[in-house]
Amino acid sequence: MSTTAEEAPPARRRGVVGSRVRHTLGRLLVTLARSVAIFVPVFLVATFVTFALRSMSGLSPARIQLGEEATPEAVARVEAQWGLDRPFLVQYWDWFTGVLHGQLGSSWTNGADISTLIGLGLGVSLSVATFALILGVVLGFTLGTLAALKRTTWIDRAITGFVTLISVMPAFVVGIVLVAVFAVGLELFPSAGYIPAEQGFGPWLAHITLPALALSFDVVADVARQLRGSLVAAFRENYVTGAVVRGLSPRRIFLGHVLRNGIGPALATLGLKFPALVGASVVTEWIFGLQGFGRFANDSAQAGDVPAVQGVLVVSIVLVVLFNLIVNLVLARVTPASQRGV
């Protein structure tokens, strides 16, 4: 009897741990299934609208290759070579099946593979955007948490004023100031160019630091404000008062109750930040001389290269959906409300 009694508590603990693991996996699978169920129709509609842009734009590869003075016969011949004389739905289905296989078509301007062109620019933009997001999250969470812990003090007011200031500063202005101070004045970082990480981590990091810092200001401001507001609200909840009455330490109260309940809005803010950073990098890429995704999108639009613009839109849609899926999975794991199925 005594041996059974001694072995019962560990067995119960293993059962509880196993139950929690299964519950967590179940929540994540449900969140994943919901996201996929939303993604499929959104992706279908978005790709259809994206492909319809060519018909609505009235642009043609013949006008780009032959000029505005091309004869109707020459225009028809070039459009037939590109398959534009076929029914619209047939063209869309061929293009859509290619997208599912990672093939985004060929450029009207030079005939190059669009997937390859986007891949070259996307590597640059993803490097800058990822580092900008890391800087924004670290600085934003630090400032937001400090402001909430020191609420109503001069520290809180100083942080609030600082994030308000940087939130209204355009990225191109910040980029020019950073180049003037840290690249030209102090010579701490290169002023332009990009080196892939395969050629050296140090040079790669040095080239993306200033553009990432210029893009991170908006993320810092949004995360800090959202986190500060939600943490202050969480401090006023009854469960915090109950934790204080039970004698829990301030650190345990903050980490186990306040932060877990208040982090949701800040994480949700990040849902659109990463794709927005990739898309908004076009001005920063011009300042720092980077041939990235945003600059490729701008050049394609200026040239009237509709297949390239369509490829950019498809990749942007995928980035938005994937990053929101990641954020939803993190929210399902971290926040107590999602654990209760709220």
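Let us begin with the largest pocket of this predicted model. Its volume is about 360 Å³. How many residues line the largest pocket, and which are the closest to its centre? There are 18 lining residues, and Phe51, Trp82, Trp95, Gly105 and Ser106 are the closest to the centre. By class, the lining is made up of 8 nonpolar, 7 polar and 3 charged residues.

Where does this lining come from? Helix 1, which covers 2–57, helix 4, which covers 88–100, and helix 15, which covers 306–334, each contribute at least two residues. Helix 4 has the largest share, with 4 residues. As for how such a space is found, rolling a probe the size of a water molecule over the atoms shows where empty space is left.

Let me now turn to the chain as a whole. The protein chain contains 16 helices and 0 strands. It has 342 residues, and 38% of them count as buried. Consider next the contacts between residues at least 6 apart in sequence: 72% of these join residues that are at least 24 apart.

From there we may go to the interior. The largest nonpolar core consists of 62 residues, and within it Ile118 and Val258 have the most contacts. Helix 8, residues 201–235, gives the most to this core, namely 13 residues. Apart from this core lies another, of 8 residues, which include Leu143, Ala147, Ile166 and Val220.

Val258 deserves a moment of its own. Which residues does Val258 touch, once its neighbours within four places in sequence are left aside? They are Leu231, Ala234, Phe235, Val240 and Ile253.

My next topic is the salt bridges, of which the structure holds 3. I shall take them one at a time.

In one of them, Arg86 pairs with Asp94, and their closest N and O atoms are 2.5 Å apart. Are these two residues buried or partly exposed? Asp94 has 36% relative accessibility and therefore counts as partly exposed. Arg86, at 37%, is likewise placed in the partly exposed class.

Another salt bridge brings together the side chains of Asp156 and Arg228, at 2.5 Å from N to O. Asp156 belongs to helix 6, residues 154–167, and Arg228 to helix 8, so this pair ties together parts that are 72 residues apart in sequence. Asp156 counts as buried because its relative accessibility is 4%, while buried means under 20%. Arg228, with a relative accessible area of 25%, is partly exposed. Beyond its neighbours within four places in sequence, Asp156 is in contact with Ala147, Lys150, Arg151 and Arg228. Ala147 has already appeared in this talk, as one of the residues of the core of 8.

In the remaining salt bridge, the side chains of Asp222 and Arg225 meet at 3.0 Å, N to O. Why are these two separated by about one helical turn? The reason is that they lie 3 residues apart in helix 8. Asp222 has 18% relative accessibility and so counts as buried, whereas Arg225, at 40%, is partly exposed.

I should like to return briefly to helix 15, where Val318 is located. Val318 has a relative accessible area of 28%, so it is classed as partly exposed. Along the chain, Val318 and Pro275 are 43 residues apart, and their C-alpha atoms are separated by 9.2 Å.

Finally, a word about the backbone. Most residues other than glycine have a negative phi. Against that background, two residues may be pointed out.

Thr152 is not a glycine, yet its phi is positive, at about 70°. Where is Thr152 placed? It sits in the loop between helix 5, which covers 114–149, and helix 6. Thr152 is exposed, because its relative accessible area is 66% and the class begins over 50%.

Glu187 also has a positive phi, near 55°, and is a residue other than glycine. Its position is the loop between helix 7, residues 171–185, and helix 8. With a relative accessible area of 64%, Glu187 is exposed.

To close, I would recall helix 8 in particular. Helix 8 gives 13 residues to the largest nonpolar core, contains Arg228, the partner of Asp156, and holds both Asp222 and Arg225. Thank you for your attention.

Definitions and conventions. Residues are numbered from 1 along each chain as its sequence is written. This is a predicted model: local features need pLDDT of at least 70, side-chain atom pairs count only at pLDDT 80 or more; totals for chains, interfaces and linings use all residues. Side-chain values use heavy atoms; hydrogens and water are left out. A nonpolar core is a set of buried Ala, Val, Leu, Ile, Met, Phe, Trp, Tyr and Cys residues joined through side-chain atoms within 4.5 Å. Buried means under 20% relative accessible area, exposed over 50%, partly exposed in between (1.4 Å probe, protein chains only). Contact means heavy atoms within 4.5 Å. On a 1 Å grid over the protein atoms alone, a cavity is a set of points where a 1.4 Å probe fits but cannot get out, and a pocket is an open set with protein on both sides within 12 Å along at least five of seven lines; lining residues have an atom within 4 Å of a point. Grid points are joined across faces, edges and corners, and a volume is the space filled by probe spheres set on the points. Ala, Val, Leu, Ile, Met, Phe, Trp, Tyr, Cys and Pro count as nonpolar, Asp, Glu, Lys and Arg as charged, and the others, Gly among them, as polar. A salt bridge is a side-chain nitrogen of Lys or Arg within 4 Å of a carboxyl oxygen of Asp or Glu.
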